[in-house]
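Student: I have a model open and want to test the labels on it. Can we go through them one at a time?

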Amino acid sequence: MTARSKGKRNKNKAIKREKNKAKELKKLKKTLGLLDEDGMDLMEKIKDITVQKKQKEELDKVKDEVTEEIFKKETADLVDHNEYVEIVNPKSSVKHVFNAKTKRDQFGSYPVWYKKKKEDAKKKRKEGKIVKKRQFRGRRMHFIDRNSAWKNIA
């Protein structure tokens, strides 16, 4: 097939597609049930209903947010934000009450499992100030630094 005949065929098909577009669309809508027997478009009715539902949902969301804010303002002075965790030491049977925010007990000491350096590193990683270093892979030669182009000398 020559390029000329292929071009003509594509051109004629495009004209035919444009001509039959309206008929095909109507047929498709009818098969999908978007048109009733009279040929009336049901999509407009559906759009109206969905718009009303969306508006109602948005109103409900705004009302919930406002009531939540009012509730927080009213209860802000009543709520104690420092949560306490009670742990009994099994060896000495001493009761320790840890503050969840400061991680200290009533004597001012940290729990055994608490590591300050680890906590700070987590915080910095979350803020994006430090990146966890990946381990150097491959053969390491002690006399050449990592950034050198002479990495793998036999």
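Tutor: Start with a term. Contact means heavy atoms within 4.5 Å. Keep in mind that this is a predicted model.

Student: Which residues does His 96 touch, not counting residues up to four places away in sequence?

Tutor: His 96 touches Val 85, Glu 86, Ile 87, Asn 89, Asp 105, Gln 106 and Phe 107. His 96 itself is found in strand S2.

Student: Why does His 96 count as buried?

Tutor: Buried means under 20% relative accessible area. His 96 has 17% relative accessibility, so His 96 counts as buried.

Student: What makes the pair His 96 and Asp 105 a polar contact?

Tutor: The cut-off for a pair of N or O atoms is 3.5 Å. The side chains of His 96 and Asp 105 are joined at 2.8 Å. That value is within 3.5 Å, so the distance condition is met.

Student: How do you know that S1 and S2 pair?

Tutor: Pairing takes at least two bridges. Strand S1 (residues 84-88) and strand S2 (residues 95-99) are joined by 5 bridges, so they pair. The two strands run antiparallel. Across from Val 97 in S2 stands Glu 86.

Student: How many residues lie between the strands of that hairpin?

Tutor: The hairpin of S1 and S2 has 6 residues between the strands. Ser 93 is placed in this loop. Its phi is near 50°, a positive value in a residue other than glycine.

Student: Why is Ser 93 called exposed?

Tutor: Exposed means over 50%. Ser 93 has 56% relative accessibility, so Ser 93 counts as exposed.

Student: And why are Ala 100 and Lys 103 called partly exposed?

Tutor: Partly exposed is the range between the 20% and 50% limits. Ala 100 has 36% relative accessibility, so the label fits. Lys 103 has 24%, so Lys 103 counts as partly exposed too. Ala 100 is in the loop between S2 and helix H3 (116-127). Lys 103 lies in the loop between S2 and H3 as well. Lys 103 has a positive phi of about 65° although it is not a glycine.

Student: How far apart are Ala 100 and Glu 83, in sequence and in space?

Tutor: They are 17 residues apart in sequence. C-alpha to C-alpha, they are 5.4 Å apart in space.

Student: What makes H1 "hardly covered"?

Tutor: Count residues under 20% relative accessible area. Among the 30 residues of H1, the count of buried residues is 0. Helix H1 (residues 3-32) also bends by about 50° at Lys 21. Just after H1, Gly 33 takes a positive phi of about 85°.

Student: What share of the chain is buried?

Tutor: Buried residues make up 7% of the 154 residues. The accessible surface comes to about 15400 Å², and 55% of it belongs to carbon and sulfur atoms. Among contacts between residues at least 6 apart in sequence, 0% join residues at least 24 apart.

Student: What is the overall pattern of the chain?

Tutor: Along the sequence the pattern reads α-α-β-β-α. That comes to 3 helices and 2 strands.

Student: Which elements have the lowest and the highest mean pLDDT?

Tutor: S1 has the lowest mean, 83, and H1 the highest, 91. The chain averages 81, and 80% of the residues score at least 70. Where pLDDT is low, the predicted coordinates should not be read in detail.

How values were computed: Residues numbered from 1 in each chain as written. Heavy atoms only, no water. Bend = angle between axes of the 7 residues up to and from the residue. Helix = DSSP H or I, 4+ residues; strand = E, 2+ residues; numbered from the N terminus. Buried < 20%, exposed > 50% of the residue type's maximum accessible area, 1.4 Å probe, protein only. Polar contact = N/O pair within 3.5 Å; in protein donor to acceptor, adjacent residues only side chain to side chain. pLDDT = per-residue confidence, 0-100. Areas by Shrake-Rupley, 256 points an atom, 1.4 Å probe, with all protein chains shown as cover.
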